[in-house]
Structure formats: C-alpha cells, structure tokens
Amino acid sequence: MNTAVQRLFLALWPGDAVRARLMQVRDTVPARGRPVADANLHLTLVFMGSVAVSRRPAVEAAAAGAAAPAFTLELDQVGYWPRARVAWLGSTAPPPALTGLVDCLQTRLASAGFGDPDPRPYRPHVTLLRHVDKRLGPPPALQAPVTWPVSSVSLVESVTCAAGAEYRVLHTWPLGGH
Ligand code: 2AM
C-alpha cells in the first residue's frame with residue numbers, strides 16, 4: 001500500500017501581472033516580518049492538508065467538476081492578524097462568485113470524503129508577510145486596489161524545504177467553461 005502523503009490546497013494562482021502587483025503591495029508593508037517569496041504569493045481557496053497520494057485523483061475530480069464562472073477580484077485592504085502574526089491583502093467586499101466557488105469546492109470535496117480541516121470561517125486573503133512583529137503600527141492604506149481577473153483554479157502542493165515552504169502547482173482548471 002502506498003502511504004505517501006502530500007500537503008495539498010486549492011488556490012487562485014496569480015499570473016505575472018497580478019503577481020507583480022502583489023509584490024508591490026507586499027513591499028509597502030513595513031518589513032517587520034518575513035516577506036512571502038515572490039513565487040509563493042497566492043490566495044488559498046480550500047486547504048486540504050495531508051492527503052494520501054492515492055486519493056489525489058478524487059481531489060482532482062472534485063476540482064475539475066466545479067461549475068463556477070470566471071470573475072474579477074478586487075483586493076483593496078491590507079491587514080494584520082496579530083495572533084497568526086501575518087500581514088495580508090484581502091477584500092472589504094469579497095465577490096459572491098468567490099464565496100460561491102469556495103462553497104462549491106468544499107461541498108464537492110466533502111462528498112468525496114474530504115472534511116474541512118479548518119473550522120474557522122473562510123476569510124479570503126493573500127499572505128504577504130509571516131512572523132510579523134506584534135508592535136506593527138496600523139496597516140498601510142493601499143494606493144490602488146489589486147484587480148485580479150480570476151479565470152482558473154489550481155491544485156497546489158506545499159513542500160517544506162530548507163529555505164521554507166515551496167509551493168508547486170500540480171494542475172490548473174479553467175473556470176467558466178460549463
Ligand atoms: P496562510 O497563508 O494564511 O498561512 C499553504 O500553506 C496555504 O494554505 C497558505 O495560504 C495557508 O494560509 C493555507 N493554510 C495553511 N494551513 C491552513 C489551515 N489549517 N487552514 C486553512 N488554510 C491553511
């Protein structure tokens with residue numbers, strides 16, 4: 001029996017232009033923490049945690065069958081979560097299409113036997129810095145929101161290596177094709 005596991009999550013994975021904007025915003029936050037590496041910036045939709053490699057096809061089927069439209073996400077707010085010690089970029093008004101997509105994915109994954117390992121309500125965010133100093137002042141105001149045209153969902157593996165976490169996109173599915 002194959003007992004190997006992968007640490008998996010479904011995410012919105014930015015293209016080059018959106019990634020460049022996320023990097024700009026990250027760099028406006030006082031550097032009192034560890035900035036997330038350029039290549040790691042993303043927005044998690046559903047975190048699955050450790051999944052047996054043999055169960056990955058079931059995850060892929062759940063993601064592939066999600067019928068949801070493409071949409072535009074406006075990220076217009078920087079904030080800090082002092083307990084988690086992260087600085088993040090989020091949205092003051094997450095679009096219903098985003099919450100609908102997450103609900104759809106969660107429901108499909110639950111039907112395939114993947115419970116949600118995180119009981120907290122979903123709060124869409126891009127983590128910008130980790131291990132932030134608790135004495136950080138008020139978060140910086142954004143000059144302009146980050147406009148993210150969302151047209152796909154990615155399955156991503158989190159691999160821990162000497163330099164920290166590395167995220168590998170395993171598969172990407174288009175939205176709006178149903
Ligand atoms: P974070 O950036 O807020 O830490 C890979 O670890 C991705 O999955 C990150 O975006 C991370 O969110 C998210 N993640 C990690 N552990 C999680 C958990 N227990 N519940 C929800 N999301 C989690």
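**Stop 1: the ligand and its pocket**

Select the ligand first; in this predicted model the ligand occupies the largest pocket. Two elements each give two or more residues to the shell around the ligand: strand 3, residues 43-52, and strand 7, residues 125-130. Which element gives the largest share of that shell? Strand 7 does, with three residues.

Now select the shell itself: F9, H42, T44, F47, D118, R120, H125, T127, R130 and Y167. Sorted by class, these residues around the ligand are three nonpolar, four polar and three charged.

**Stop 2: polar contacts to the ligand**

Keep the ligand on screen and show side chains for T44, T127 and R130, which belong to the shell. What are the distances from their polar atoms to ligand oxygens?

- T44: a polar atom of the side chain is 2.6 Å from a ligand oxygen.
- T127: an N or O atom of the side chain is 2.5 Å from an oxygen atom of the ligand.
- R130: a polar side-chain atom is 2.9 Å from an oxygen atom of the ligand.

The ligand taken alone would expose 470 Å², and the protein buries 75% of that area.

**Stop 3: H131, in the loop after strand 7**

Move to H131, in the loop between strand 7 and strand 8, the latter spanning residues 146-150. Check the backbone here: H131 is not a glycine, yet its phi is positive, about 55°. Is H131 buried, exposed or partly exposed? Its relative accessible area is 47%, so H131 is partly exposed.

**Stop 4: R85, another positive phi**

Select R85 next, in the loop between strand 5, residues 77-81, and strand 6. R85 also has a positive phi, of about 60°, although it is not a glycine. The relative accessibility of R85 is 32%, so this residue counts as partly exposed.

**Stop 5: S91, on the other side of strand 6**

Select S91, found in the loop that joins strand 6, residues 86-90, to helix 3, residues 96-111. Buried or exposed? S91 is buried, because its relative accessible area is 13% and the cut-off for buried is under 20%. Show the side chain of S91 and the backbone of E74 together: a polar side-chain atom of S91 is 3.0 Å from the backbone oxygen of E74.

**Stop 6: the loop between helix 3 and strand 7**

Two residues in this loop are worth selecting in turn. The first stop is G113, which is in the loop between helix 3 and strand 7. G113 has a relative accessible area of 58% and is exposed. Add P95 to the selection: G113 and P95 are 18 residues apart in sequence, and their C-alpha atoms are 28 Å apart in space.

Next take F114, in the loop between helix 3 and strand 7. With 12% relative accessibility, F114 counts as buried. This loop therefore holds an exposed residue, G113, and a buried one, F114.

**Stop 7: from F114 to A64 and S154**

With F114 still selected, add A64. The two residues are separated by 50 positions in sequence and by 15 Å in space, C-alpha to C-alpha. A64 lies in helix 2, which covers residues 56-64. At 35% relative accessibility, A64 counts as partly exposed.

From A64, go on to S154. How far apart are A64 and S154 in sequence and in space? They are 90 residues apart in sequence, and the distance between their C-alpha atoms is 9.8 Å.

**Stop 8: R168 and T28**

End on strand 10, residues 164-174, where R168 is placed. R168 is partly exposed, because its relative accessibility is 39%, between the limits of 20% and 50%. Draw a C-alpha to C-alpha line from R168 to T28: the two residues are 140 apart in sequence and 26 Å apart in space.

Technical notes
Residues are numbered from 1 along each chain as its sequence is written. This is a predicted model: local features need pLDDT of at least 70, side-chain atom pairs count only at pLDDT 80 or more; totals for chains, interfaces and linings use all residues. Side-chain values use heavy atoms; hydrogens and water are left out. A residue is near a molecule or strand if one of its heavy atoms lies within 4 Å of it. A polar contact is a pair of N or O atoms within 3.5 Å; within protein, one must be able to donate a hydrogen and the other to accept it, and residues adjacent in sequence count only if both atoms are side-chain atoms. Accessible areas come from the Shrake-Rupley method with a 1.4 Å probe; for residues, only the protein chains shown count as cover. On a 1 Å grid over the protein atoms alone, a cavity is a set of points where a 1.4 Å probe fits but cannot get out, and a pocket is an open set with protein on both sides within 12 Å along at least five of seven lines; lining residues have an atom within 4 Å of a point. A molecule sits in a cavity or pocket if more than half of its atoms lie within 2 Å of its grid points. Helices (H or I, at least four residues) and strands (E, at least two) are DSSP runs, numbered from the N terminus. Ala, Val, Leu, Ile, Met, Phe, Trp, Tyr, Cys and Pro count as nonpolar, Asp, Glu, Lys and Arg as charged, and the others, Gly among them, as polar. Buried means under 20% relative accessible area, exposed over 50%, partly exposed in between (1.4 Å probe, protein chains only).
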